[in-house]
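Biologist: Please take one part of this model and look at it closely. I am new to it, so keep the sentences short.

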Amino acid sequence: MPGAVIVHHARYKTYPGDVTGYVFYSCLVASVGGCIFGYDIGLTAGLTSTESFLIMFFPDIYRQQKEQVITNQYCKFDSQELSLFGSSLFLSAAVASLFASLMARTFGRKWTLFSAASAYVLGACMGGVATTFPILLTGRLLLGVGVGLCIHASPLYISEMAPAQQRGMLNILFQFMITIGILSASLANYFTAKFIGGWGWRVGLALGAVPGGVIALGSLAIPDTPISLLSRGETETARAVLSQIRGIGPDDVRQEFDDLVSACEESKAVVNPWRELFIGGRYKPQLVFALTVPFFQQLTGINVIMFYAPVLFKTMGFRQDASIVSSVITGLVNVFSTFVALCTADKVGRRALFLQGGTQMIISQILVGTFIGLQFGLSGTGAISEQYAMCIVLFICVYVAGFAWSWGPMGWLIPSEVYPLGVRSQAQSITVAVNMCFTAFIGQIFLTLLCHLRFGLFFFFGAWLLLMTLFIAVVLPETKCVPLEEVSHVWRKHWFWRKYIVDSSADARGAEMRKRIALEMS
C-alpha cells in the first residue's frame, strides 16, 4: 500500500557513542514527569468516590448520591460539578503548556522540569492539608501547572539527549512512568481507603509530592540538552555535555556536534515560530501530527478506562473493593505491557506497534461492548454474573495491553521526534495543550455518554480506533533510528507529504549556513 513507506536508515548518519549510564540517569529523571501525570489520572477516580472527601468538599453531591435510587447500570455517579473538579487539573495543564515553550526556549529544558516539579510539590502539599474548597482547588490548579510544564519538557529532553538508535526505547520511559503513576495511585486508593477516620485521601494527595520531589532534586544533577544549550549561545558547554553523554572524546563527537550547530543556526532563521507553524506552510505535516496524535490518543478511550476504572467496574456490578482491585490489575497490565514497546520500538519501528496495537484495541472494544450489551441490554437493568465479569476484565486488560505498546508510548514519542528545532518547543506546546484539553473534555462527558449511548459507547471508541489506525497506516512515515536533525528528510521522501513541503528562503539560508560552517570547521 502507498502508506507503507520503508525508510532505509543507511541513508541517514549514524554517530559514534552509545547509551551511557549518565544518559540513562538523565532520561530516567526526566521521565518521572510521566509519573506525576499518571498518578493524577489514577488518583482522581478514587478521590471523587471517597465518602469522607465528598462530605467535606461536595456535601450536596454526596447527599444526592445517597438519596438517589437508580436501577439503570449505565447511569450512576453522574455529576458535572464533580467531573469539572477532576478536569480542572487538565485544563490548568493545557494553559501551562502554552507558556512552557517560551520557558523551555529561554531557560532550557532542565529548568523547565525543575519549575514544573516545584509547582507540583506545592500543589500536592496544599491538597493534602486542604480544609476549604478554595485551598483544594488552588492546589489542584498548581498540580495542573506542574503536569503541563513537565509533559512538555520531559519528552523533548529525552529525545534530544538520546542517541538516535535508542531514542525510542529511552523516550518510552516517559510512558512507562505514566503507567507506574497510574498503578501507584490505584494502590494508594486501595490502601488509604482502609484508614480509620476517613483521612486516607489526604495521604493519597500528599504522596504526589514524592515523584515531584524526585524530579526537582534530580533535575539539579542533570545537564541541559546540547541543542538547548547551543540555542542559548552556550557553545562550549554544549560540546562538553555532548562528549560526556556519548561517553567519548570531544573529537569523536565532532560530526554530531557540527550537525547540531547547523540545525541550531537554521532554526534562528525562523523569526516567528508560531507564525511559521500555522501560516508559513513549511511545517504542514508536523502540524497535522501535532494536532491529530494527541486528539486520537484521547479518543482511544484509555483515560476513560483509567480515570473512571473504579466507577466503571462498580457500575458493572463489582463491589467497591473488588472494583479497586480490578483497576489495580489493569494498572499492572499497563506497566508490564509497556515493556513490549520499550524493547521493540527501535527494532520493529513505530508504525508496526501503532498498527498491531490499534487492531488489538478495536477487537477488545467491540467485545467489551458486546458483553456489556448482552448482559444489561438497552435498559441497563440486571446483575452481572461472575463469568461475564471475568470476561469483561480480561478483554479490558487486552485492550490496555494494546494501548500500552501502541498509542500510549507512540503518542508521546512521535510528536517529540518529528518537529524541527525551529518550531519544536511550540509544536510540543500544541501537542500537550490538545492532549490536556481532550483529556478534560472526554472526562467531562464520559458519564453522560455512558448514560445515553449505553454499551454503544465502546463501539463509539472502537470506530474512532479504526479511523486512527487507517490514518497511521496511510500517512505516518517511519522515523526509527533517524537523527532528529535529519527527520525533515523523511517528510520530503514520503509519497503523501512531499507535495506539501514548501522549500522557502529559510531552507536556502539554512543550506548556505551549513556549507559555511562545514568549511570553517574543516
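Modeller: In this predicted model, arginine 454 is partly exposed, with a relative accessible area of 25%. That value lies between the cut-offs of 20% for buried and 50% for exposed, so the residue falls in the middle class. Where is arginine 454 found? It sits in the loop between helix 21 (421-453) and helix 22 (456-475). Its backbone has a positive phi of about 55°, although arginine 454 is not a glycine. Most residues other than glycine have a negative phi.

Now move on to the loop between helix 22 and helix 23 (487-493). Cysteine 481 lies there. Cysteine 481 is not a glycine either, yet it has a positive phi of about 65°. Is cysteine 481 buried or exposed? It counts as buried because its relative accessibility is 17%, and the cut-off for buried is under 20%.

Next comes a residue in a helix. Arginine 350 lies in helix 18, which covers residues 350-376. Arginine 350 has 0% relative accessibility, so it counts as buried. What does arginine 350 touch? Leaving out residues up to four places away in sequence, its contacts include Arg167, Gly168 and Ala345. Met410, Leu413, Ile414 and Glu417 are also among them. So too are Glu478, Thr479 and Lys480. For alanine 345 there is a distance to add: its backbone oxygen lies 3.0 Å from a polar atom of the arginine 350 side chain.

Notes. Residues numbered from 1 in each chain as written. Predicted model: local features only at pLDDT ≥ 70, side-chain atom pairs only at ≥ 80, totals over all residues. Heavy atoms only, no water. Helix = DSSP H or I, 4+ residues; strand = E, 2+ residues; numbered from the N terminus. Buried < 20%, exposed > 50% of the residue type's maximum accessible area, 1.4 Å probe, protein only. Polar contact = N/O pair within 3.5 Å; in protein donor to acceptor, adjacent residues only side chain to side chain. Contact = heavy atoms within 4.5 Å.
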